Amino acid sequence: MTNPTLQNCIDLCNACAAACNYCASACLKEKDVNMQAKCINLDLQCSALCYATAQLLTLDSEFADDLCKVCADVCNACAAECEKHAAMGMEHCELCAEACRNCAKACEEMVQLEVQ
């Protein structure tokens, strides 16, 4: 990879997917799992999408730009949900929200590169 913006996005997508998987697993261990249902669902969706985005970016796919737009949207939604739980002291949600925001920003930067 010669493009540092591309490599950064791939790395942050993979890091976000891992953080989302960890968050979902940790949420399942909370006392009130039902309260965590939306968070777990978004974590799993975000993780799957981040892995797919990283894969298409690695393949230099013509569809990577479109997927980056969707990935940023899902990452932002996941971050917003996790931030609610982070405010209640759930560290795994705080870490996940941060990873999601970083990934969303990187995906948005990739989309901007394509526009230019």
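Lys38 is exposed, at 52% relative accessibility, in what is a predicted model. Its partner in a salt bridge is Glu81, with 4.0 Å between the closest N and O atoms. Lys38 belongs to helix α2 (residues 37-58) and Glu81 to helix α3 (residues 64-86), so this pair ties together parts that are 43 residues apart in sequence. The two ends of the bridge sit in contrasting surroundings: Lys38 counts as exposed, while Glu81 is buried, with a relative accessible area of 7%. Lys84 comes into the picture too, since Lys38, Glu81 and Lys84 are linked in a network of salt bridges.

How many salt bridges are there in total? The count comes to four. One of them joins Glu83 and Arg101, whose side chains meet at 2.9 Å, N to O. This pair also links distant parts of the chain, with Glu83 in helix α3 and Arg101 in helix α4 (residues 91-115), 18 residues apart. Both ends count as partly exposed: Glu83 has 36% relative accessibility, and Arg101 has 32%.

Then there's a local pair. Asp65 forms a salt bridge with Lys69, and the closest N and O atoms are 3.9 Å apart. Both residues lie in helix α3, four residues apart, which is about one turn of the helix. Lys69 counts as partly exposed, at 40% relative accessibility. Asp65 is also a handy landmark for looking across to Gln112: the C-alpha atoms of the two are separated by 9.2 Å, although their positions lie 47 residues apart along the chain. Gln112 is in helix α4 and is partly exposed, with a relative accessible area of 46%.

Now turn to the inside. In soluble globular proteins, nonpolar side chains tend to be buried together. Here the largest nonpolar core has 42 residues, and the members that touch the most others are Cys16, Cys46, Cys50, Cys75 and Cys100. The elements giving two or more residues to this core are α1 (4-27), α2, α3 and α4.

Cys46 is a good place to stand and look around. Leaving out residues up to four places away in sequence, Cys46 touches Cys16, Cys20, Val74, Cys75, Cys78 and Cys100. Cys46 is also among the buried residues of α2, a list that includes Cys39, Ile40, Leu42, Leu49, Cys50 and Leu57. Some residues of other kinds are on that buried list as well, among them Asp43, Ser47 and Thr53. As for the geometry of α2, its 22 residues should span 32 Å at 1.5 Å a residue, and the end C-alpha atoms are 32 Å apart, which agrees.

With cysteines turning up at so many of these contacts, how many disulfides does a search of the whole structure find? Zero. Cys20 is in no disulfide, and the nearest cysteine sulfur, that of Cys96, is 3.6 Å away. The cut-off for a disulfide is a pair of cysteine sulfur atoms within 2.5 Å. Cys107 tells a similar story: the closest cysteine sulfur, in Cys9, is 3.8 Å from its own, too far for a bond. Cys20 counts as buried, at 0% relative accessibility, and Cys107 is buried too, with a relative accessible area of 0%.

The loops are worth a visit as well. Is Gln36, in the loop between α1 and α2, buried or exposed? Gln36 is buried, with a relative accessible area of 0%. Not counting residues up to four places away in sequence, Gln36 touches Cys27, Glu30, His85, Met90, His92 and Cys93.

Asp60 offers a contrast. This residue is found in the loop between α2 and α3, and it is exposed, with a relative accessible area of 69%. Its backbone deserves a look: Asp60 has a positive phi of about 55° although it is not a glycine. So the two loop residues end up at opposite ends of the accessibility scale, since buried means under 20% and exposed means over 50%: Gln36 is at 0% and Asp60 is at 69%.

How values were computed: Residues are numbered from 1 along each chain as its sequence is written. This is a predicted model: local features need pLDDT of at least 70, side-chain atom pairs count only at pLDDT 80 or more; totals for chains, interfaces and linings use all residues. Side-chain values use heavy atoms; hydrogens and water are left out. Buried means under 20% relative accessible area, exposed over 50%, partly exposed in between (1.4 Å probe, protein chains only). A nonpolar core is a set of buried Ala, Val, Leu, Ile, Met, Phe, Trp, Tyr and Cys residues joined through side-chain atoms within 4.5 Å. Contact means heavy atoms within 4.5 Å. The expected span of a helix is 1.5 Å times one less than its number of residues.
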